[in-house]
Amino acid sequence: MTKTTCTPADFYYSDYWGITEAPSTSPHSAGRIEEETGFLTALCNAAGGDGTASKVERDHIFGMASVKGYTPEAIAKIDDLADAAESKTIEEIASDAKMAMSIGTLRFAAGAILFESIKAASKDGLDEKEMEMIFCIAEIMEVSKERVQTMMEVVAEEEELKKKRIAACISNHPCLAPEYKD
């Protein structure tokens, strides 16, 4: 009998991104905690770009990090990273982005970092200041404004698709969040 083993991280990376192994635990990694912290710092910087990293933004970052199989050590840093992000200058955020782009597999993850940053910051509505931070991070990561705009459109499209999926499949589920009920 064949036994299947698939971690939540394996599923996430494969199903969502088409990646065959968790980058921070791959042979290409520069160090797991460094890569995870670099990724989380960018998300927190985007979420805190408006001066407040809200509970819903933080919850999204915690959930994403958990599903990706991040270490408890990295996950434990999220609130501190989010708190720090609330008062960072654009220069500090640019410095953080530059550092992230020098760490192992993160050098290849600019698009994913920006996409997840947009998703996190969008959880309470994408504020103009958050967009400014995202575009700052993108510039340092050498990602065009047009590509970031496309990512923003994809995030919005995914939310609309989620609503359609819920309506088609589980519209009367008793555990459904109020914003998705008919």
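This is a short tutorial dialogue about a predicted model, covering its pockets, its cavity, a helix pair and its salt bridges.

Q: Hello! How does anyone find empty space in a structure?

A: Happy to help! The general idea is that a probe the size of a water molecule is rolled over the atoms, and this shows where empty space is left. In this structure, the largest pocket has a volume of about 790 Å³.

Q: Which residues lie nearest the centre of the largest pocket?

A: Look for His60, Lys119, Lys123, Glu159 and Lys162. They belong to a lining of 27 residues. Helix H1 (8-17), helix H3 (55-67), helix H7 (110-122) and helix H9 (145-169) each give two or more residues to this lining.

Q: Which element gives the most to the lining of the largest pocket?

A: That is H9, with eight residues.

Q: What classes do the residues of this lining divide into?

A: In the largest pocket, the lining has 13 nonpolar, four polar and 10 charged residues.

Q: What is the volume of the second largest pocket?

A: Its volume is about 230 Å³. Sixteen is the number to keep in mind for its lining, and of those 16 residues, Tyr13, Pro23, Phe39, Lys68 and Ala109 are the closest to the centre. Two elements to find here are H1 and helix H2 (32-47), which give two or more residues to the lining of the second largest pocket. By class, that lining holds 11 nonpolar, two polar and three charged residues.

Q: And a cavity, how should I think about that?

A: A pocket is open, whereas a cavity is a space where the probe fits but cannot get out. This structure holds one cavity of 30 Å³ or more. The space in the largest cavity comes to about 30 Å³.

Q: Which residues line the largest cavity?

A: Its lining is made of Gly38, Thr41, Ala42, Asn45, Asp96, Ala97, Ala100 and Ile137. H2 and H6 each supply at least two residues of this lining, and H2 gives the most, with four. Sorted by class, the cavity lining has four nonpolar, three polar and one charged residues.

Q: H2 keeps turning up. How do I describe the way it packs on another helix?

A: You can give the angle between the two helices and the distance between their axes. H2 and helix H8 (residues 128-140) pack at an angle of about 145°, and their axes are 8 Å apart. From H2, the contact uses Ala42, Asn45, Ala46 and Ala47, while H8 brings Glu130, Met133, Ile134 and Ile137. The classes in this contact are six nonpolar, one polar and one charged residues. Ala42, Asn45 and Ile137 may look familiar, since they are also among the residues that line the largest cavity.

Q: How many salt bridges does the structure hold?

A: There are nine. To read one, look at which side chains meet, how far apart the N and O atoms are, and where the partners sit along the chain. Start with Glu36 and Arg32, whose side chains meet at 2.8 Å, N to O. Both residues lie in helix H2, four residues apart, which is about one turn of the helix.

Q: Is Glu36 buried or exposed?

A: Glu36 is buried, because its relative accessible area is 0%, and buried means under 20%. Its partner Arg32 counts as partly exposed, at 32% relative accessibility.

Q: Where do the partners sit in the salt bridge of Glu86 with Arg58?

A: The closest N and O atoms of Glu86 and Arg58 are 3.3 Å apart. This pair links distant parts of the chain: Glu86 is in the loop between helix H5 (78-85) and helix H6 (90-100), Arg58 is in helix H3, and 28 residues separate them. Glu86 is partly exposed, at 27% relative accessibility, whereas Arg58 is buried, at 12%.

Q: Could you show me one more pair?

A: Try Glu160 and Lys163, whose side chains form a salt bridge at 3.4 Å, N to O. Both lie in helix H9, three residues apart, again about one turn of the helix. Glu160 is partly exposed, with a relative accessible area of 45%, and Lys163 is partly exposed too, at 37%.

Q: Which residues are joined into one network by salt bridges that share partners?

A: The network joins Arg58, Asp79, Asp83 and Glu86.

Conventions:
Residues are numbered from 1 along each chain as its sequence is written. This is a predicted model: local features need pLDDT of at least 70, side-chain atom pairs count only at pLDDT 80 or more; totals for chains, interfaces and linings use all residues. Side-chain values use heavy atoms; hydrogens and water are left out. On a 1 Å grid over the protein atoms alone, a cavity is a set of points where a 1.4 Å probe fits but cannot get out, and a pocket is an open set with protein on both sides within 12 Å along at least five of seven lines; lining residues have an atom within 4 Å of a point. Grid points are joined across faces, edges and corners, and a volume is the space filled by probe spheres set on the points. Ala, Val, Leu, Ile, Met, Phe, Trp, Tyr, Cys and Pro count as nonpolar, Asp, Glu, Lys and Arg as charged, and the others, Gly among them, as polar. Axes are lines fitted to C-alpha atoms, for helices over the stretch in contact, and angles run from 0 to 180 degrees between N-to-C directions. Contact means heavy atoms within 4.5 Å. A salt bridge is a side-chain nitrogen of Lys or Arg within 4 Å of a carboxyl oxygen of Asp or Glu. Buried means under 20% relative accessible area, exposed over 50%, partly exposed in between (1.4 Å probe, protein chains only).
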